[in-house]
Amino acid sequence: MSSGRPEPDQPLYTISVAAELAGISARTLRLYERHGLLTPQRTEGGTRRYSDNDIARLRRVAELVASGVNLAGIRHVLDLQDENTRLRGSQPAEGE
DNA sequence: TTTCTTACA
DNA sequence: TGTAAGTA
């Protein structure tokens, strides 16, 4: 079931669709990237490619922003979260 | 048409 | 944060 699930390619979205999925304006998406909150892949044309993983991070950013955390602090939180997930392997994050 | 960057309010 | 201009 969940073990060995080959996901060859994750759905990539353009900035406008990612903005809608995350509920954030494309303008803000670029701002977050500027602060190093996330790093979407880039096309040869230079267009950003947001993956499903990036969308989840965008939502995390929105939550922190709503909590009163500034972009500099969010970058630190995301960095720690990413490292935690890596050390734990792939534990299902419990959302409360 | 959409995306990109930069700049201003 | 939103919008403008000029570009690819």
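**Exercise 1.** In this predicted model, find which residues surround DNA strand B and which part of the strand they meet.

*Solution.* Start by listing the neighbours: Thr-14, Ile-15, Ser-16, Arg-27, Arg-30, Arg-42, Gly-46, Thr-47 and Arg-48 surround DNA strand B. Next, look at the DNA side. Of the atoms of DNA strand B that come within 4 Å of the protein, 83% belong to sugar and phosphate.

Then sort the residues by class: the surface near DNA strand B holds 4 charged, 4 polar and 1 nonpolar.

**Exercise 2.** Work out which side chains place a polar atom beside a phosphate oxygen of DNA strand B, and at what distance.

*Solution.* Take the residues in turn. Thr-14 has a side-chain N or O atom 3.0 Å from a phosphate oxygen of DNA strand B. For Arg-30, the distance from a polar side-chain atom to a phosphate oxygen of that strand is 2.5 Å. For Arg-48, the corresponding distance is 2.6 Å. Now step back to the secondary structure: α1 (15–22) and α2 (26–34) are the elements that each give two or more residues to the surface near DNA strand B.

**Exercise 3.** Turn to DNA strand C: which residues surround it, and does Arg-27 meet a base or a phosphate oxygen there?

*Solution.* First, the neighbours of DNA strand C are Ser-25, Arg-27, Thr-28 and Leu-31. By class, they comprise 2 polar, 1 nonpolar and 1 charged. Second, check the contacts. An N or O atom in the Arg-27 side chain lies 2.7 Å from a base oxygen of DNA strand C. Ser-25, by its side chain, has an N or O atom 3.2 Å from a phosphate oxygen of the strand.

Note on methods
Residues are numbered from 1 along each chain as its sequence is written. Chains are lettered from A and ligands numbered from 1 in the order in which they are written. This is a predicted model: local features need pLDDT of at least 70, side-chain atom pairs count only at pLDDT 80 or more; totals for chains, interfaces and linings use all residues. Side-chain values use heavy atoms; hydrogens and water are left out. A residue is near a molecule or strand if one of its heavy atoms lies within 4 Å of it. A polar contact is a pair of N or O atoms within 3.5 Å; within protein, one must be able to donate a hydrogen and the other to accept it, and residues adjacent in sequence count only if both atoms are side-chain atoms. Helices (H or I, at least four residues) and strands (E, at least two) are DSSP runs, numbered from the N terminus. Ala, Val, Leu, Ile, Met, Phe, Trp, Tyr, Cys and Pro count as nonpolar, Asp, Glu, Lys and Arg as charged, and the others, Gly among them, as polar.
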